[in-house]
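Please open the model in your viewer and keep the sequence panel beside it, so that each selection can be made by residue number. The tour below moves from stop to stop, naming what to select and then what is found there.

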Amino acid sequence: MHQNIHELIPFNTACEEFIAGKYILADMKIASILRIIANDEKIKNIISSAIEDYDFAKAFENASKEYDTGFKLVLPTNENEIIAFVYNLLYRFNSKMLDFYDFIARYYKVEGEASGKEFYNFANAIIIPFRDAINDIYSKRHVIVDTDDYQTNYYNKIMSTIRVIANDIDNLKLKMNEKEEFTMLLNSLYLASEKNDKKLVYSLMIALDYFTRVNKKIRTTYLALEECFS
């Protein structure tokens, strides 16, 4: 069951409106979900991580199963793969690379049932797992803090981890400009943590996520900082 995290209310509402929506309005509901994703940096960050180097064509081939009763689509079980798969699917529907109505008639048709049943089956098999995976990964990455003690605890963990990274920075063998940018981000994160500035800490974590995905040899440093939120 997904948590209705305050920051995710617009995204969750868009998903729920799709699930409760009508067959003929599916295009508008898909566009609404994608629009909210495009306007939310944290969700975009989660999706960017999931779709990096993702081969949708291969994943779709693996997910598409043919049975005596027709075709069925079987989602992967890994949350990042669910996110990558469904996002790619929604993007293709929205850009008309795939026709939504033909798609659900092929994969979600129930013999003898009306077309609305296809829509219902798609929503439950695709949109709900996508919504829940986004919520789960978001809650792990962006801890919503309720008490001063807990805030101080994870800010202290961040500062301690930054000190360890800074002491070892020469061994990371970064180019001079990379080292300067990385050091600037770490220093800014350290100062934000000292001030218990939650919004700035999250923004800098997003920046570090992007930076270390481009500079893969230091990706483990971001992952170490991410663990401070556990």
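A residue is called buried when its relative accessible area is under 20%, exposed when that area is over 50%, and partly exposed in between. Keep in mind throughout that this is a predicted model.

**Stop one: a pair within helix α3**

Select Glu-41 and Lys-44, whose side chains meet in a salt bridge with N to O at 3.2 Å. Because the two residues are three apart in helix α3, about one helical turn separates Lys-44 from Glu-41. Glu-41 has a relative accessibility of 44% and therefore counts as partly exposed, and Lys-44, with a relative accessible area of 27%, is partly exposed as well.

**Stop two: where α3 meets α5**

Now show the whole of helix α3, residues 41-51, together with helix α5, residues 79-94; their axes come within 8 Å and cross at roughly 100 degrees. An angle of this kind makes α3 roughly perpendicular to α5. To see which residues make the contact, select Ile-46, Ile-47, Ala-50 and Ile-51 on the α3 side, and Asn-80, Ile-83, Ala-84, Tyr-87 and Asn-88 on the α5 side. Sorted by class, this contact has seven nonpolar residues and two polar ones, with no charged residue.

**Stop three: salt bridges elsewhere**

How many salt bridges does the structure hold? There are nine, and a few of them are worth selecting in turn.

Begin with Lys-216 and Glu-52, whose side chains meet in a salt bridge at 2.6 Å, N to O. This pair links distant parts of the chain, 164 residues apart, with Lys-216 in the loop between α10 (198-214) and α11 (219-226) and Glu-52 in the loop between α3 and α4 (56-63). Glu-52 counts as partly exposed, at 30% relative accessibility.

Next, select Lys-179 and Asp-170, which form a salt bridge whose closest N and O atoms are 2.6 Å apart. Which of the classes, buried, partly exposed or exposed, does Asp-170 fall into? Asp-170 counts as exposed, at 56% relative accessibility, while Lys-179 is partly exposed, with a relative accessible area of 27%.

Finally, select Asp-209, Arg-213 and Arg-219 together, and you will have a network of salt bridges that links these residues.

**Stop four: helix α2**

Move to helix α2, residues 26-38, and display its C-alpha atoms. At 1.5 Å a residue, the 13 residues of this helix should span 18 Å, and the C-alpha atoms at its ends are indeed 18 Å apart, so the two values agree. Within α2, the residues to colour as buried are Ala-26, Ile-30, Ser-32, Ile-33, Leu-34 and Ile-37.

**Stop five: two loop residues with positive phi**

Select Lys-96, which lies in the loop between α5 and α6 (100-107). The phi angle of Lys-96 is near 70 degrees, a positive value in a residue other than glycine, and Lys-96 counts as exposed, at 57% relative accessibility.

The last selection is Asn-196, placed in the loop between α9 (176-194) and α10. The phi angle of Asn-196 is also positive, near 55 degrees, again in a residue other than glycine. Is Asn-196 exposed or partly exposed? With a relative accessibility of 32%, Asn-196 counts as partly exposed.

Terms used: Residues numbered from 1 in each chain as written. Predicted model: local features only at pLDDT ≥ 70, side-chain atom pairs only at ≥ 80, totals over all residues. Heavy atoms only, no water. Axes fitted to C-alpha atoms, helices over the stretch in contact; angles between N-to-C directions. Helix = DSSP H or I, 4+ residues; strand = E, 2+ residues; numbered from the N terminus. Parallel < 35°, antiparallel > 145°, perpendicular 65-115°, else oblique. Contact = heavy atoms within 4.5 Å. Nonpolar A, V, L, I, M, F, W, Y, C, P; charged D, E, K, R; others polar. Salt bridge = Lys/Arg side-chain N within 4 Å of Asp/Glu carboxyl O. Buried < 20%, exposed > 50% of the residue type's maximum accessible area, 1.4 Å probe, protein only. Expected span 1.5 Å × (residues − 1).
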